[in-house]
Each structure stands twice: as structure tokens, then as C-alpha cells.
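Trainee: I would like a close look at one part of this model, the sheet and what packs against it. Please take it slowly and then place it in the rest of the chain.

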Amino acid sequence: MSGAQRCAIVGGGLAGLISYATLRHGGFASSEIAVFGTDADPAAEWRQRAAAIRQQRMRSESSGHCAPTSFPGLAVRAAARTRNPLPLVQTVFDRFHPTVDEFLEHAAEVRERSGWDESFRPRRIRQVRAVDEGFELDGEGRFAHVLLAPGHPGLAFPDGVGRDARVVHAYQAHDYADRVEIVGAGMAAATEWLNALAAGAEVVSVRRREPERRPLNLPRELFTRRGLAAFHRTSRDERVGFLRRWSAPSYPHGRGWDEPVENARRAGRFRVAAELNGGEQIICATGFRRGFGHDALLAQLVADNELETAEGWIVLTPDSTVPGLTDETRTLSLAGVPGQWAFPAADTLMGAKYAARRFLRRVQTCRSR
């Protein structure tokens with residue numbers, strides 16, 4: 001077949017990097033893959049957000065990495081580098097959490113080793129058009145196999161904050177005022193409670209429900225084959241309900257989280273409120289906008305092809321491909337947060353790896369390959 005013989009990855013973030021490294025490991029040459037994004041550094045946006053909330057350690061464990069194979073994980077790397085077996089012991093009990101610096105160093109190594117820069121094209125793709133045996137991307141060429149990993153569709157701010165000069169999002173660079181109101185109850189909010197308290201601020205946690213406490217973004221069973229198989233057996237309405245419930249804010253258990261807050265509460269420097277109440281600074285630790293409708297590329301894709309959706313989710317097959325646009329000659333997959341219909345933790349590193357491996361499998365067996 002002529003004209004549509006290459007793969008394209010739309011999205012230059014960590015999900016794109018994982019997908020690219022997976023394709024290269026699967027035998028594709030760098031010349032066979034085009035990566036479209038706005039920044040050649042796949043960790044750029046993630047790095048900025050982690051820096052904004054002063055994140056020191058990853059929530060993910062040893063297996064949360066960008067390499068195409070599961071082994072070796074980051075715990076093995078840490079043990080080899082430090083000549084200390086402790087990371088290996090910790091990972092047996094799912095207690096190893098690499099530092100942010102360790103993770104970023106690893107991502108940079110994967111970028112260099114995979115040949116990412118050879119395939120990267122600095123271009124924002126605004127439309128994916130289905131054609132015979134492939135897809136056209138904004139005049140950038142025709143590709144038989146396309147993986148979309150556009151990332152989160154922008155920061156979310158709570159209703160009513162408007163353009164108040166006191167407002168900043170947790171993922172934007174900021175310092176801390178003397179009296180801070182932090183909106184949200186997830187991982188970013190919990191991190192900001194500790195940051196503001198350490199800076200000497202009085203903190204008001206603005207939330208309307210108590211956060212769940214769990215080690216990972218989602219229940220651990222959803223990262224297993226059995227748990228995922230049960231998820232795939234759910235009906236449409238059940239799946240929507242599960243995804244809504246699992247989107248509730250959460251952060252891990254542990255004295256490192258609880259003791260500083262409890263000590264500050266006793267000292268009168270930390271309290272919980274249901275509404276904003278005139279704080280000197282308002283930090284919105286409210287994550288990202290949700291739903292394909294907030295992403296122009298995905299919204300256009302849905303409209304052009306009348307794709308099936310369920311509220312804010314694009315309905316996918318279990319292998320993360322878009323039904324109706326994927327067949328024996330071409331593949332269209334969604335990775336990262338848009339892929340939650342197939343893998344509820346799609347916005348995690350493990351989720352990106354799930355979509356990438358299934359994309360590779362599809363491409364390898366497709367007759368256009």
C-alpha cells in the first residue's frame with residue numbers, strides 16, 4: 001500500500017513518549033513514526049506542574065515509568081545506582097515512590113535512547129480526517145495508524161472565582177500569602193496544604209466532601225487483568241457511574257500527610273470550610289477540565305465522524321481504539337486521559353503504557369504494516 005505507511009503520534013507529552021518508545025521497541029524505525037507536539041521536551045508540562053506544587057516524590061510506584069518494558073522498574077534503577085537494596089524491599093510491598101528528580105532523569109534517558117527527537121515535529125494538529133485506509137493530519141501527511149495523546153484539556157477553576165486577583169491555580173507558579181484558602185481535596189490540594197503550612201501560612205481547606213484515602217489514583221485492582229476485565233464487562237450506564245465515582249479526589253494515607261495537618265489544626269493554623277471566605281490568597285487545586293468537549297481536536301473528531309460518546313467520554317473498545325474508525329487497514333487509538341473508557345486510570349503512566357502496547361499490537365497485525 002502506498003501513501004499511508006507510517007505511524008503518527010499526536011501529542012508530545014509523557015503519554016506520547018511512552019507510545020513512541022513502545023513502537024521503537026516493537027521494531028519500528030524512527031523514520032516510520034511522526035510525533036506532533038508543541039514542545040520537544042516530553043516532560044516539559046509535567047515538570048512545570050510538579051514544580052508549581054513543590055512535588056518531591058511520585059505517587060506512582062516502581063512500575064510507573066516511561067520505558068516500553070515493565071522490567072526493570074525504577075526501584076531496580078535506584079538500587080543499582082545507590083548500591084542499596086532498600087528500594088527493592090520497598091517495591092515488594094508497593095512502598096517505593098521515586099523522587100521527581102529520579103523520574104525526570106529517567107524520562108530524559110528514554111527520550112534520548114528512543115530517538116524521540118529524530119521523529120518530533122513542532123506542530124499543533126487541529127484536525128484528524130479519516131480517509132481510505134488511513135488518516136490525514138492537517139496537511140502534514142497521511143498515516144495508516146494514529147495514536148492521539150493530547151493530554152489534559154486545560155486547568156479547571158471552580159465556579160464563582162471569576163478573575164479575582166487573589167486566585168492562582170496550584171499548577172501555576174506561585175508563592176504563599178499569610179492566609180491561604182486552598183480549594184480542592186485531592187493529591188495537589190493535600191500537597192499544597194503542606195507547602196503553605198511549611199511556609200508559615202494559615203490554611204483553610206475549602207471542600208464540600210472528605211477526600212478518599214488510597215495509595216494510587218484509582219483502586220489498585222483496576223491495574224490488574226482481573227479488575228480490568230470486570231470493568232470491561234460493565235454496561236454503559238454502570239461504566240459512567242464508576243468513572244464518575246473514581247474521579248473523586250483522593251490522596252495517600254500516611255503520617256507524612258496527616259501529622260503536619262493535625263499539628264497545624266491544634267495550633268489554629270488549619271481548618272476546613274465549605275465555602276470561600278475572604279482569604280488573602282485563593283489556590284485552586286482543582287485539577288483539569290474534564291470531557292472531550294474541552295479539547296478542540298477531540299470535539300472536532302467526534303462531530304466529523306458522529307462518534308459514540310457517553311457524557312464526557314468517547315466510547316472506545318477495550319484496546320483503546322475508536323470503533324468505526326479502526327479496521328483491518330487502519331488504527332485510531334486514544335491514550336492518556338481521553339482513553340478512560342478503555343482504561344479508567346488512562347491518565348497515569350501505567351494507563352499510557354496500556355494504550356501504547358495495544359496500539360503496537362494492532363499495528364503489527366494490520367495488513368497495511
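Mentor: Start with a helix. In this predicted model, helix α1, residues 14-25, lies across β1 (7-10), β2 (33-37) and β7. Its direction is at about 160 degrees to that of β1. The three strands it crosses belong to an open sheet of 5 strands, in the order β3-β2-β1-β7-β17, with parallel pairing. At the edges of this sheet are β3 (120-122) and β17 (331-334), each of which pairs on one side only. From one strand to the next the twist averages 20 degrees.

Consider the β17 side. Strand β7 covers residues 145-148 and pairs with β17 in the parallel sense, over 4 bridges. One residue pair to locate there is V146 and L332, where L332 in β17 is the bridge partner of V146. A second helix, α12 (residues 349-365), also packs on the sheet, touching β1, β7 and β17. The direction of α12 makes about 170 degrees with that of β7. Strands β1 and β7 therefore have both helices to consider: α1 lies across them, and α12 touches them.

Now the aromatic residues, some of which bear on this sheet. A pair of aromatic rings is described by the distance of the centres and the angle of the planes. There are 12 aromatic pairs in total. For F36 and F143 the ring centres are 6.1 Å apart and the planes meet at 80 degrees, so this pair is edge-to-face. F36 sits in strand β2 and F143 in strand β6 (residues 142-143), so the pair links distant parts of the chain, 107 residues apart. F36 has 1% relative accessibility and counts as buried. F143 is buried as well, with a relative accessible area of 0%.

Another pair, F223 and F343, is also edge-to-face, at 6.2 Å centre to centre and 75 degrees between the planes. F343 lies in the loop between β17 and α12, and F223 lies in the loop between β11 (212-213) and α8 (225-232). These residues are 120 apart along the chain, and the pair again links distant parts of it. F223 is partly exposed, with a relative accessible area of 23%, whereas F343 counts as buried at 6%. The cut-off that separates them is 20%, since buried means under that value. Elsewhere, ring pairs link W193, Y251, W257 and F270 into a cluster.

For comparison, look at the other open sheet. It has 5 strands in the order β8-β14-β9-β10-β13, and the pairing is parallel. Its edge strands are β8 (167-169) and β13 (270-273), each pairing on one side only. The twist averages 25 degrees from one strand to the next. Inside this sheet, β9 (residues 179-183) and β14 (residues 281-284) run parallel and are joined by 4 bridges. C284 in β14 is the bridge partner of V183.

Two helical segments are worth a stop. In helix α2 (residues 44-52) the buried residues are A44, A50 and A52. Their cover includes α5 (100-114) and α7 (187-198). Just after α2, R54 takes a positive phi of about 55 degrees. The other segment is helix α4 (residues 86-92), which holds T91. T91 has 26% relative accessibility and counts as partly exposed. Setting aside neighbours within four places in sequence, T91 is in contact with S62, A75 and F96. The C-alpha atoms of T91 and V76 are 9.0 Å apart, for residues 15 positions apart along the chain.

Finally, the chain as a whole. Its secondary structure comes to 12 helices and 17 strands. The radius of gyration is 21 Å, close to the 21 Å from the globule rule for 369 residues, so the chain is as compact as a globular protein of that length. Along its principal axes the C-alpha trace spans about 70 × 50 × 40 Å. Buried residues make up 50% of the 369. Of the contacts with a separation of 6 or more, 73% are between residues 24 or more positions apart. The accessible surface comes to about 17,600 Å², and carbon and sulfur atoms account for 48% of it.

Conventions
Residues are numbered from 1 along each chain as its sequence is written. This is a predicted model: local features need pLDDT of at least 70, side-chain atom pairs count only at pLDDT 80 or more; totals for chains, interfaces and linings use all residues. Side-chain values use heavy atoms; hydrogens and water are left out. Two strands pair if DSSP finds at least two bridges between them. Axes are lines fitted to C-alpha atoms, for helices over the stretch in contact, and angles run from 0 to 180 degrees between N-to-C directions. Contact means heavy atoms within 4.5 Å. Buried means under 20% relative accessible area, exposed over 50%, partly exposed in between (1.4 Å probe, protein chains only). The radius of gyration is taken over C-alpha atoms; the globule rule is 2.2 Å times the number of residues to the power 0.38. Accessible areas come from the Shrake-Rupley method with a 1.4 Å probe; for residues, only the protein chains shown count as cover. Rings of Phe, Tyr and Trp (its six-membered ring) pair if their centres lie within 6.5 Å; planes under 30 degrees apart count as stacked, over 60 as edge-to-face and the rest as tilted.
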